[in-house]
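Please open the model in your viewer and keep the sequence beside it, since each stop on this tour asks you to select something and then look at what surrounds it.

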Amino acid sequence: MAAATVAAQAGERTATPGLRRALLWGGSLTLLAAGAVVSLLVGAGDVSLGALLAGDPHAWELVRLSRLPRTVALLLAGAATAVAGVVMQMLVRNRFVEPSTIGTTEAASLGLLAVTIWAPATSMTGKIAVGSVAAVLGTLLFLGVLRAVPIRSVVTVPLVGIMLGGVVGALAAYLAYRYDLMQTLSAWLTGDFSGVMEGRYELLWLVGAMALVVYLVADRFTVVGMGRDVATALGLGYRGVMALGLAVVAVSSSVVVVTVGALPFLGLVVPNVVSMLVGDNLRRSLPWVAVLGAGLVLVCDVVGRLVIRPYEIPIGVVMGVVGAAVFLWLLLRKAPDVG
């Protein structure tokens with residue numbers, strides 16, 4: 001009898017964490033689905049749930065052409081940007097980096113600007129390829145400068161990246177001013193989903209596929225995050241994994257920038273919050289990074305649509321305010337541990 005009681009208690013202790021995770025996942029996905037429904041209904045044009053249930057053709061056409069593509073784009077861009085951020089943090093081994101704080105986004109914008117100026121007839125796929133190559137070169141420049149700079153604090157790394165991004169951004173601004181493309185450059189550097197509609201967001205499925213690739217090789221990125229010596233000692237092809245990580249970050253950044261614009265601080269804030277809650281095992285934390293990234297972008301976009309309705313605040317502005325505040329909190333929280 002006593003043995004049966006002990007076994008039952010042990011079974012309860014084993015089942016409780018699994019049940020807790022299942023409930024947490026169920027609640028998170030339910031909230032994400034609810035946010036997606038709100039995104040379908042909120043906007044300059046009135047769409048009610050009752051009209052949709054009644055089969056109103058005007059309401060359904062608006063949802064099909066604009067609201068549904070926008071919501072899907074929000075989910076894909078948010079998840080992919082957050083995943084790219086956590087991959088970048090693993091590669092650099094620093095919690096305070098992401099594509100928009102190390103010059104990757106600015107380099108992608110410069111590449112897109114260059115191909116727009118000197119090869120305007122290039123297809124969208126070609127522009128993304130050029131932007132991806134420029135993003136890789138910008139990231140490699142950052143890594144090269146990082147090796148030459150004495151790192152006395154974890155804060156030094158993002159500061160170096162922000163300075164490099166400023167230099168690249170200044171060059172892009174000069175070219176845009178010279179060729180009267182300032183508005184185009186501004187659209188790439190400020191995230192905005194107001195122009196997303198059917199036929200203008202489908203490239204974001206590519207970054208969704210990139211996030212899936214990261215999940216499939218998540219254990220390798222976790223090992224790379226422990227350092228080159230550890231990865232080599234375990235027989236891992238360090239350079240190959242680094243190249244794959246850079247390709248994922250570059251392509252994801254380029255596609256998001258050319259489709260909806262940059263989403264500042266998203267790839268920095270979300271991985272840090274998930275790390276505090278779940279830990280650093282990428283296999284376990286990556287789904288949470290994707291869900292939280294998608295949810296945060298969804299919430300910020302809905303807020304931007306409601307604040308000055310029927311007009312909109314670009315999501316890049318809302319994300320900049322929220323992300324900068326959380327980034328500052330993370331810096332102050334980590335301050336006693338750095339020196």
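Begin by selecting helix 12 in this predicted model, and colour its buried residues, which are L266, G267, L268, V269, V270, P271, N272, V274 and S275. If you then place a distance between the end C-alpha atoms of helix 12, the viewer should give 18 Å, and this agrees with the 18 Å that the 13 residues should span at 1.5 Å a residue. Step just past the end of helix 12 to G279, where the backbone takes a positive phi of about 110 degrees.

Keep G279 selected and add V86, M90, R95, P271, V274, S275, D280, L282, S285 and V289, because together these residues line the second largest cavity. The elements that give two or more residues to this lining are helix 3, helix 12 (266–278) and helix 13 (282–307). The volume of the second largest cavity is about 60 Å³, and its lining divides into 6 nonpolar, 3 polar and 2 charged residues.

Next, move to W288, which lies in helix 13. Is W288 buried or exposed? Its relative accessibility is 17%, and since the cut-off for buried is under 20%, W288 counts as buried. Show the residues around W288 and, leaving aside neighbours within four places in sequence, you will find contacts with L24, W25, S28, V274 and V278. A further check is the distance from W288 to P271: although these positions lie 17 residues apart along the chain numbering, their C-alpha atoms are separated by 8.8 Å.

Now turn to the empty spaces as a group. Rolling a probe the size of a water molecule over the atoms shows where empty space is left. A search of the whole structure finds 4 cavities of 30 Å³ or more, and the largest of them has a volume of about 130 Å³. To centre the view on the largest cavity, select T81, P99, T105, S253 and V256, which lie nearest its centre among the 13 residues of the lining. Helix 3 (57–92) and helix 11 (238–260) each supply at least two residues of that lining, and helix 11 gives the most, with 4 residues. By character, the lining of the largest cavity divides into 7 nonpolar, 5 polar and 1 charged.

From that group, keep T105 alone, which is found in helix 4 (residues 104–118). T105 has 8% relative accessibility and therefore counts as buried. Not counting residues up to four places away in sequence, T105 touches P99, S100, V257 and A262.

For the next stop, which residues have the most contacts inside the largest nonpolar core? Select F142, F193 and L204, which hold that place in a core of 79 residues. Helix 3 gives the most to this core, with 15 residues. Stay with L204 and display its surroundings: beyond residues up to four places away in sequence, L204 touches A73, L76, A77, V255, V256, T259 and V260.

To finish, look apart from the largest core for another one, of 6 residues, and select F96, L268, V269 and F327, which are among them. Two of these selections bring you back to the starting point, as L268 and V269 are listed with the buried residues of helix 12.

How values were computed. Residues numbered from 1 in each chain as written. Predicted model: local features only at pLDDT ≥ 70, side-chain atom pairs only at ≥ 80, totals over all residues. Heavy atoms only, no water. 1 Å grid on protein atoms, 1.4 Å probe; cavity = no way out; pocket = protein on both sides within 12 Å on 5 of 7 lines; lining within 4 Å. Points joined across faces, edges and corners; volume = space filled by probe spheres on them. Nonpolar A, V, L, I, M, F, W, Y, C, P; charged D, E, K, R; others polar. Buried < 20%, exposed > 50% of the residue type's maximum accessible area, 1.4 Å probe, protein only. Contact = heavy atoms within 4.5 Å. Core = buried A, V, L, I, M, F, W, Y, C linked by side-chain atoms within 4.5 Å. Expected span 1.5 Å × (residues − 1).
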